Amino acid sequence: MTDLLEPCAMGRDLVRRDGVQKVRGTATYAYETPVESPAFCHPVQATVARGRITGIDTAAAEALDGVLAVLTSENAERLASTDDAELAVLQSPDVAFRGQVVGVVVAETSELARQGADLVVVTYAEQEHDSALTVDHPGLYAPEKVNPSYDTDVVQGDVDAELAASAVVVSRTYATAMVHNNPLEPHASTALWDGSSLTLWDSTQGVHPDRQAVCTVFGLEEEQVRVVCPYVGGGFGSKGTPHANVVLVTMAARALPGRPVKLALTRQQMFSLAGYRTPTIQRMQLGADRDGRIRALTLDVVEQTSRIKEFAEQTGVPARMMYTANARRTTHRLAALDVPVPSWFRAPGECPGMFGPEVAMDELAHELGIDPIELRVRNDPERDPETGQPWSSRHLVECLREGAERFGWAGRDPRPGVRREGRWLVGTGVASSVYPTMRQAQSTADVRFEDGRYVVEIGAADLGTGAWTVLPQIAADALGVDVDDVEVRIGDTRYPIASVAGGSSGTNTWGSAIAVAAREFRGKFGSDPRDGDEASGQVDQADTDDEHATYAFGAQFVEARVDVDTGEVRVPRLLGVFACGRILNPRTARSQFIGGMTMGLSMALHENSVWDPRIGQVANHDFAEYHVTVNADVGDVQAHWLDEEDPYVNVMGAKGIGEIGIVGTAAAVSNAVWHATGVRVRELPVTLDRLLPALP
């Protein structure tokens, strides 16, 4: 054992504790859980976009040797709660979208389950469906709130008067595509019902929220359900809330008491059952004086939701606080369509919501003849424009300045389409990024001395983001011991309650609880604890501050090259500079920033769930045609950050970093493509068919 130390673990570039297991393939994921004699299930999905089942013939499936059960709405158990329509699996013959679960086959092998599902014959009374989002859809309505609880519309000042008084007005419509989360590990589970209790090994971003949902749907007590998830092969929001697959595998397990059942969604099934980011249509106006001071800002957002369950992405929210304006208006309108249920996707709201405004800022800068960075600097607010609160810290200008220096922005010719190297048109672009610093209200940590080591237990989830590594660093500094003397146990509802890993709030929340518990332990037992000594801490005991506006900020810089003949787009350089409070581990932080920027580049150039409104389905629902960014698509990716410790956000002085990297990246790419070609693409993704007609 080491003596009490001064804090030194936080900020160290430590190797990931889970890295060796993952590289060697010994990390056990939900579907790989070793259980005795597992059964396997495969969903049967609706082949109409709207209608009612008139008949289900399961005889051929049931006749297969090895098929154990076929569940449909005719024989499935009745759930205790159907309030969440997405989770009301097999409760009704009604079909709300193509791909909805209408049955499940359970068999001795996954191959048999899939074969059995193919043999189930479902007939429908098909109804006319509506699945196309348009800016003037007749069913548009204003939701009561936008995710999670923001005001739907916000109006400050006299927008019309300020627009009329503006010397320059940019009025444009921007659009972002429907995109689907495709983590490397699909949504997968293993479930075992022993007749009175359920053990669920699930790929989830929160074992406790997962358990709560299952208990509600099935009418179980918390002590009857255990959820386990030590490792997640990516989630990005899609595993932040349970979807139909979790209910389905639990239902199958309850139909076969004592027999574990496994379910892993196929890649194609994930395009119907695991959520997605809604497409957005953004009508944007910026009015400014000749010196670049913004007088008016409006952002009116149209997006879609499912007819059976509302999800309103908070796309317009970041425009409420990002820049100064004498008057502003932000609104959200939804169209309820016969489509699957949208849900969280990395940086919901801020990511699509910064595309329109940041491209509009670039257009305004060009109209005014002002450098795009300088325009942002001139409109950097001293206080939060929405609340009037002072910032806990806001170093956006410093991010822009340092990024410009590192990127080589000085001397940039602002004229578009003038730089050419051989067959390539070359341009550069910039955009700002922002993400709120959030901490959830509920998380508890236990610290115990056990066999000569400090053991920290909390039901947190590591999505591959570094919690296994960073949480011990936080605990070690709070305890005043070496980080090697600390073991952290996570990913199990047997451990104290923890919030979901979402909204870049995981480390902030769990770390606060751990720091409180560790300091309580140190205060009680000092440097010479005995086996069994224990202390607990809750996040709400940590220092809180409600007087400041708390956000992380950043700036992304892009060099784009466009082939003058083919319209092919290449990005040789992508650079980001961020101000996100104290960086607890540079290695895992850099990975998070680069991962976010890579997803932003993918959003800009590739990702597009192409919707076929005739049948109500994503046409390219596999990796053969749903394209994502790979190494060959970007030459040099760099992530940098400012040394910043924010004393107002939490006891560590750290802000979330998981999502800010994706925010702003797509806009920076679009701006760079315009600078290279003079062609302004206002609808994502930026593909060659949108460039070719206008190329010189």
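How many bridges join strand 10 to strand 15? The legends below describe close-up views of a predicted model.

**View 1. Strand 10 pairs with strand 15 (residues 280-288).** Nine bridges join the two strands, which run antiparallel. Within this pairing, Ala175 stands opposite Ile281 of strand 15.

**View 2. An open sheet is formed by five strands.** From one side to the other, the strand order is 9-17-16-15-10, and the pairing is mixed. Strand 9 (154-156) and strand 10 (168-176) are the edge strands, each of them pairing on one side only. From one strand to the next, the twist averages 10°.

**View 3. Helix 9 (residues 355-368) packs on the sheet.** The helix touches strand 10, strand 15 and strand 16 (294-306). Between the direction of helix 9 and that of strand 10 the angle is about 145°.

**View 4. Helix 5 (residues 207-218) packs with helix 6 (residues 244-255).** The angle between these helices is about 60°, and their axes are 11 Å apart. Helix 5 is therefore oblique to helix 6. The crossing in which helix 5 passes helix 6 is right-handed.

**View 5. Residues of both helices make the contact between helix 5 and helix 6.** Helix 5 contributes Asp210, Val214, Val217 and Phe218. From helix 6 come Val246, Val247, Thr250, Met251 and Arg254. Sorted by kind, the residues of this contact are six nonpolar, one polar and two charged.

Definitions and conventions. Residues numbered from 1 in each chain as written. Predicted model: local features only at pLDDT ≥ 70, side-chain atom pairs only at ≥ 80, totals over all residues. Heavy atoms only, no water. Pairing = 2+ DSSP bridges. Helix = DSSP H or I, 4+ residues; strand = E, 2+ residues; numbered from the N terminus. Axes fitted to C-alpha atoms, helices over the stretch in contact; angles between N-to-C directions. Contact = heavy atoms within 4.5 Å. Parallel < 35°, antiparallel > 145°, perpendicular 65-115°, else oblique. Left-handed = near helix turned anticlockwise from the far one by under 90°. Nonpolar A, V, L, I, M, F, W, Y, C, P; charged D, E, K, R; others polar.
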